Amino acid sequence: MRKGGILLPVSSIPSKYGIGTFSKQAYEFVDFLESAGQSFWQILPLGPTGYGDSPYQSFSTFAGNPYYIDLENLIEKGWLTKEECDACDFGSDDKYVDYEKIYLSRFKVLRIAYERSNIKDNKEFQKFKENNAVWLEDYALYMAVKNSFGGASWIEWEEDIRLRKPEAMKAYKEKYESEVEFYRFQQFLFATQWLALKEYANKKKISIIGDIPIYVAFDSADTWANPELFQLDGECTPIGVAGCPPDSFSATGQLWGNPLYKWDYHKETGYEWWMRRISYCYRLYDVVRIDHFRGFDEYYFIPYGDTTAEFGHWEKGPGYDIFKVMKEKIGKKPVIAEDLGFLTPSVIKLVKKTGYPGMKILQFAFDSREESDYLPHNYTNNSVVYTGTHDNDTTVGWYENLEKRDKSFAKRYLGIKAKKEVVWEFIRSALSSVADTAIIPMQDYLGLGTEARINIPSTLGNNWKWRLEEGQPDAELAERIRKMTKLYGRR
């Protein structure tokens with residue numbers, strides 16, 4: 001069945017208190033998706049963010065971001081007052097998230113709620129702790145210890161706790177028990193609120209597409225608690241880190257810095273950690289988009305300490321074996337393979353063997369110098385088409401910066417007669433294509449420019465900030481989207 005959806009990060013929802021949350025506005029966005037005739041809401045990773053604010057560099061691959069907890073819900077419970085929330089400075093610009101102010105204010109009010117909640121007597125909380133102990137205990141202790149060291153990365157902690165020596169683990173757990181419980185409390189609120197919102201969406205026949213980054217951050221509970229999973233030395237220092245080689249976009253490549261997996265060890269364990277991770281994703285999402293799918297075929301190894309990605313080399317990943325195990329242990333679940341960038345014959349073969357749909361980005365299609373797989377007439381049914389993703393400029397912004405020859409090609413291909421038609425002709429091209437699924441970023445449906453861009457890869461400081469304004473989008477836009485979605489046989 002042909003389907004359509006909209007890409008909008010949770011952080012971009014126009015909730016109160018500085019950042020998008022699981023608030024009534026999130027439920028209203030689900031209502032908008034329903035009235036617009038959509039089947040999917042695609043979001044970005046939901047993990048807790050640190051330096052750089054990127055959802056792809058999270059403190060945990062299992063935990064949720066406390067920023068997304070709806071404070072108004074806690075006011076209704078009597079754990080906070082409106083005055084306490086209003087007294088905090090969450091930032092003054094409704095169009096953009098001020099992460100520094102969120103960081104300085106959010107945990108203060110959450111702590112007040114924690115102290116008032118009498119959460120220890122809550123049976124649902126006790127059940128949540130039991131059901132999630134396998135990751136929750138390490139994450140909560142990690143965050144408490146991290147705070148005790150002034151937020152420093154775990155590699156800079158005292159040796160006994162850095163290397164998780166039993167006596168140190170026991171001592172820190174006892175010393176910071178209240179702080180550890182505070183972080184468990186945050187995760188309970190996150191999970192309770194998110195799963196309620198997801199259930200609401202599912203009842204309206206809206207499925208959630210979630211995003212799983214292939215790598216975890218080095219400064220994360222995952223790496224600290226499971227060093228055996230990664231290419232680390234005896235002191236837990238990385239041997240090599242992840243990234244991408246130099247290309248036409250970056251002369252020195254991309255140095256991501258994530259620890260690389262010890263794939264032989266994962267294979268020996270039947271990919272136990274991966275199966276646990278993926279299974280958990282299907283509790284949070286209905287469909288999982290696997291980021292940087294190429295890394296399962298081959299991954300780029302950059303020696304630790306290098307300041308650029310120029311001197312790395314490719315090494316073999318687990319290939320189809322991990323997906324074979326996944327299908328055996330978890331079942332045939334819906335997956336989107338992020339197969340963008342330079343694709344070798346072996347990765348093309350891997351995507352085909354898994355049967356997962358790959359991604360087609362319309363903005364990549366209009367290079368007038370060559371025939372492109374991203375042009376709609378070259379698509380196959382088993383693919384997911386986007387006008388652009390969170391890593392691209394908005395279509396309006398992209399078109400404005402397009403080279404003259406490429407712009408002329410786009411006009412001819414899409415039949416664009418006037419500038420005001422550009423974004424809707426792009427959307428029409430995606431929706432009318434043979435791709436089974438079409439996902440359009442919310443900014444494109446709103447016709448917004450570069451000011452609404454989510455992320456510029458390999459940059460820091462101005463990413464992940466854009467937000468919808470109250471009243472945006474509206475019923476008129478929903479109707480226009482619904483009509484075009486229906487016109488091309490999508491739901």
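## Exercises on a predicted model

Histidine 292 is buried, its relative accessible area being 13%. Keep in mind as you work that this model is predicted.

**Exercise 1.** Find where histidine 292 sits and what sign its phi has.

*Solution.* Start with the chain: histidine 292 belongs to the loop between β6 (287–290) and β7 (298–303). Next, check the backbone: phi is near 50°, a positive value in a residue other than glycine. Finally, apply the cut-off: buried means under 20% relative accessible area, and histidine 292 has 13%.

**Exercise 2.** Now treat asparagine 118 in the same steps: is asparagine 118 buried or exposed?

*Solution.* Asparagine 118 is placed in the loop between α4 and α5 (123–131). Its phi is positive, about 55°, although asparagine 118 is not a glycine. With a relative accessibility of 52%, asparagine 118 counts as exposed, since the cut-off for that class is over 50%.

**Exercise 3.** Which backbone oxygen lies 3.0 Å from a polar atom of the side chain of glutamine 231?

*Solution.* First locate glutamine 231, in the loop between α10 (221–225) and β4 (240–244). Then note its cover: glutamine 231 is buried, at 13% relative accessibility. The oxygen you are after is that of tyrosine 261.

**Exercise 4.** Work out which parts of the chain the salt bridge between aspartate 31 and lysine 204 ties together.

*Solution.* The two side chains meet at 3.5 Å, N to O, and the cut-off for a salt bridge is 4 Å. Aspartate 31 is in helix α1 (residues 24–35) and lysine 204 in the loop between α9 (177–203) and β3 (207–212), so the bridge ties together parts 173 residues apart in sequence. Aspartate 31 itself is partly exposed, at 28% relative accessibility.

**Exercise 5.** Set against that a pair within one helix: how many residues apart are glutamate 174 and lysine 170?

*Solution.* These residues form a salt bridge whose closest N and O atoms are 3.0 Å apart. They are four residues apart in helix α8 (residues 166–175), so about one helical turn separates them. Both glutamate 174 and lysine 170 are exposed.

**Exercise 6.** Locate the cis peptide bond between glutamine 472 and proline 473.

*Solution.* Look at omega, which is about 0° for this bond. Then place proline 473: it lies in the loop between α18 (442–445) and α19 (475–487).

Notes:
Residues are numbered from 1 along each chain as its sequence is written. This is a predicted model: local features need pLDDT of at least 70, side-chain atom pairs count only at pLDDT 80 or more; totals for chains, interfaces and linings use all residues. Side-chain values use heavy atoms; hydrogens and water are left out. Helices (H or I, at least four residues) and strands (E, at least two) are DSSP runs, numbered from the N terminus. Buried means under 20% relative accessible area, exposed over 50%, partly exposed in between (1.4 Å probe, protein chains only). A polar contact is a pair of N or O atoms within 3.5 Å; within protein, one must be able to donate a hydrogen and the other to accept it, and residues adjacent in sequence count only if both atoms are side-chain atoms.
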